[in-house]
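Biologist: Before I rely on the labels attached to this model, could we go through the reasoning behind them one at a time?

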Amino acid sequence: MGYLYIVVFAGFLYLVPAILLCMKVAKKTTAKMGWAMAFGLIGLPILLLVVGGLIEAQGAAA
């Protein structure tokens with residue numbers, strides 16, 4: 001359970017600056033570019049973690 005707190009805290013420390021950066025980019029350029037940055041900084045790492053977890057779980061079950 002202690003690892004969960006570390007992961008949530010690290011995620012919070014990563015997400016807050018990433019969201020603020022995406023909002024700043026969207027204000028300086030276009031909203032579409034802000035959403036592209038958000039996908040690259042937030043969506044893609046989450047997607048990779050989920051896919052990696054699924055692959056690891058499938059390997060552990062075999």
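Modeller: What follows takes several labels in turn and sets each value beside its cut-off; the model is a predicted one.

Biologist: Why is Cys-22 called buried?

Modeller: Cys-22, which is found in helix H1, has a relative accessible area of 6%, and since buried means under 20%, the residue is therefore called buried. As for its place relative to the other helix, the C-alpha atoms of Cys-22 and Leu-41 are separated by 8.4 Å, although the two residues are 19 apart along the chain.

Biologist: What makes Gly-34 count as buried?

Modeller: Gly-34 has its place in helix H2, and its relative accessibility is 6%; the cut-off for buried is under 20%, so Gly-34 counts as buried. From Gly-34 to Gly-59 the separation is 25 residues in sequence and 37 Å in space, C-alpha to C-alpha.

Biologist: Why does Lys-28 count as exposed?

Modeller: The relative accessibility of Lys-28, a residue of helix H1, is 67%, and because exposed means over 50%, Lys-28 counts as exposed. Its C-alpha lies 30 Å from that of Val-8, with the two positions 20 residues apart in sequence numbering.

Biologist: How do you know that Leu-15 is partly exposed?

Modeller: Leu-15, also placed in helix H1, has a relative accessible area of 33%; buried would require under 20% and exposed over 50%, so a value in between makes Leu-15 partly exposed.

Biologist: What makes Leu-15 eligible for the nonpolar patch on the surface?

Modeller: Patch residues need over 30% relative accessible area, and Leu-15, at 33%, therefore passes that cut-off. The patch is formed by Phe-9, Phe-12, Leu-13, Tyr-14, Leu-15, Val-16, Ile-19, Leu-20 and Met-23, which together have about 870 Å² of accessible area.

Biologist: Which residues line the largest pocket, and which elements give two or more residues to that lining?

Modeller: The lining consists of Val-7, Val-8, Gly-11, Tyr-14, Leu-15, Leu-41, Ile-42, Pro-45, Ile-46 and Leu-49, and the elements that give two or more residues to it are H1 and helix H2 (31-61). About 160 Å³ of space lies in this pocket.

Biologist: How do the lining residues divide into nonpolar, polar and charged, and why is Gly-11 not counted as nonpolar?

Modeller: The lining has nine nonpolar residues, one polar and no charged. Gly is counted among the polar residues in this scheme, so Gly-11, as a member of the lining, falls in the polar class.

How values were computed. Residues numbered from 1 in each chain as written. Predicted model: local features only at pLDDT ≥ 70, side-chain atom pairs only at ≥ 80, totals over all residues. Heavy atoms only, no water. Patch = residues over 30% accessible without salt bridge, like charges linked within 9 Å, V, L, I, M, F, W, Y side chains within 5 Å. Areas by Shrake-Rupley, 256 points an atom, 1.4 Å probe, with all protein chains shown as cover. Salt bridge = Lys/Arg side-chain N within 4 Å of Asp/Glu carboxyl O. Helix = DSSP H or I, 4+ residues; strand = E, 2+ residues; numbered from the N terminus. Buried < 20%, exposed > 50% of the residue type's maximum accessible area, 1.4 Å probe, protein only. 1 Å grid on protein atoms, 1.4 Å probe; cavity = no way out; pocket = protein on both sides within 12 Å on 5 of 7 lines; lining within 4 Å. Points joined across faces, edges and corners; volume = space filled by probe spheres on them.
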